[in-house]
Structure formats: C-alpha cells, structure tokens
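Hi,

Here is the structure I said I would pass on to you. Have a look at it first, and then read my notes underneath.

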Amino acid sequence: MKLTEAKLKQMIKEAMITPDPLISKALADPDVHAKIKDLLSSDVEADVRQGFSLLDATLGDRYNVKYASPETGSERYKEKFDQFFNEVPEMIFWNAIPAELDKFNMTIGHTQDEGFELTKTSQFDEASYIVSVGVDALGYQTSHGYEELAKFRKQLESTERFYIESLMNDGEGGHYFEVYMQDD
C-alpha cells in the first residue's frame, strides 16, 4: 500500500479525537440561556462541566452531553487540531526528500556524505528544497554530476508527490533544481 499524504491525514484523524461541535452549536443556539453560554465558553473545566449539566437539564432532548468533553469541545482544541493538519504536509515533505535522496544514493553506491547537497528553503510560505551538485561533488567531472542530478530529478518526478523545477546552472559550474510540495 502506498502511503499518500491524504491517507496519512485520514489515519491520524481517525486516531485523534475530532473536535466536538457541541459547544459551538450551543453557543450559536438562541434557546440556550446566556449564563449557560458563559459557562460553556469558560476556560475553567469545572465551569464547562457545569454548563454541560445545565444544558442537559434544560435542553437535553436537543443536546447529548453524556459523552461531551470540555477539552475537545473548546475553541483552543479546535485551533490546535486544525493547525496540526495544516502542518502535516510540510512535515511529510521535509522528511520525504532526504529519504528519496538516501534511496537514490544507495542505488548508485554513494554514502550520505557524498553526492548531492540539500538546502531547505521557505519563501512566501512555501516549503522547498534546493537539490544541488557542485564541481566534482560526486568525484566525477561536472557533466557526470549533472547526469546523476538529472537521474535523481527524474526519480523524484516519478513519485508524482512533488513539483520539480527544471535543472539550472548555478553559474559556477554546478547545477541545481528546486523541489516543492505537490498540492493535493
């Protein structure tokens, strides 16, 4: 099974507790008394629990508070949950490129210290790596380094997980390309 970013997100969401919408629904409901809303929006867990009890006593037919949690129903929890899922693709990206490079180096017989240089960049809130090879960086002539870099670029391209720019000359005899996260 190929583990895609979407599948990983789904697996993490299944393992995590999804934010409970009960509190936000109750806060938006005009039938819920203002004092109950104050308790439900409190940062104090005991107040929220008391708000659940009063909500159950007054509108229990509409709100099932039996399994409600002050933590998973809070706005703070929802914000943390959403923030985590916004960061997952970037975390995967930062780990995927070095893993692909290690796999490539093994196939051509290079150790981690030989071969290409990876440079992390973030411009305009967009994560990327610059993959480069300098003069004789692979122990070969620059043209051979260029050929190996082109092969690695093609390997990354074949995964269909990344957006990859064309190979460029750095003006000093070396070559590079930039790799971005592929949008879902």
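The chain has six helices and five strands. Keep in mind as you look around that this is a predicted model. Going along the sequence, the elements come in the order α-α-α-α-α-β-β-α-β-β-β. The chain has 184 residues, and 35% of them count as buried. If you take the contacts with a separation of 6 or more, 53% are between residues 24 or more positions apart.

Now the inside. The largest nonpolar core is made of 18 residues. If you want to find it on screen, colour Phe116, Phe152, Leu156, Phe162, Phe177 and Val179, which have the most contacts inside it. Helices and strands both feed into this core: α5, β2 (126–133), α6 (142–159), β3 (162–164) and β5 (175–181) supply at least two residues each. The top contributor is α5, which gives six residues. There is also another core, lying apart from that one, with 13 residues that include Ala26, Leu40, Phe52 and Leu55.

Phe152 is a good place to zoom in. Setting aside neighbours within four places in sequence, Phe152 is in contact with Ile97, Glu100, Leu101, Phe104, Phe116, Val131 and Phe177. Right next to Phe152 in the numbering is Arg153, in helix α6. So is this arginine buried or exposed? Arg153 has a relative accessible area of 15%, and because the cut-off for buried is under 20%, Arg153 counts as buried. With neighbours within four places in sequence left out again, the contacts of Arg153 are Ile164, Glu165, Ser166, Leu167 and Phe177. Phe177 therefore turns up in the contacts of Arg153 as well as in those of Phe152.

Next, the pocket. The largest one has a volume of about 310 Å³. It is lined by 16 residues, and those closest to its centre are Ser42, Asp43, Pro70, Ser74 and Glu75. By type, the lining splits into six nonpolar, five polar and five charged residues. Three helices, α2 (22–28), α4 (45–59) and α5 (75–108), each bring at least two residues to the lining. Which of the helices gives the most? That would be α2, with three residues.

Ser42, one of the residues closest to the pocket centre, sits in the loop between α3 and α4. Its side chain reaches the backbone nitrogen of Val44 at 2.9 Å. Beyond four places in sequence, Ser42 is in contact with Asp47 and Val48.

One last residue to look at is Lys37, in helix α3 (residues 34–40). What does the side chain of Lys37 reach? The backbone oxygen of Leu27, at 3.2 Å. Not counting residues up to four places away in sequence, Lys37 touches Ala26, Leu27, Asp29, Pro30 and Val32. Ala26 is also one of the residues in the 13-residue core. Lys37 and Gly51 are 14 residues apart in sequence, and their C-alpha atoms are 7.3 Å apart in space.

That's my tour; shout if you get lost in the viewer.

Cheers

Key:
Residues numbered from 1 in each chain as written. Predicted model: local features only at pLDDT ≥ 70, side-chain atom pairs only at ≥ 80, totals over all residues. Heavy atoms only, no water. 1 Å grid on protein atoms, 1.4 Å probe; cavity = no way out; pocket = protein on both sides within 12 Å on 5 of 7 lines; lining within 4 Å. Points joined across faces, edges and corners; volume = space filled by probe spheres on them. Helix = DSSP H or I, 4+ residues; strand = E, 2+ residues; numbered from the N terminus. Nonpolar A, V, L, I, M, F, W, Y, C, P; charged D, E, K, R; others polar. Core = buried A, V, L, I, M, F, W, Y, C linked by side-chain atoms within 4.5 Å. Buried < 20%, exposed > 50% of the residue type's maximum accessible area, 1.4 Å probe, protein only. Contact = heavy atoms within 4.5 Å. Polar contact = N/O pair within 3.5 Å; in protein donor to acceptor, adjacent residues only side chain to side chain.
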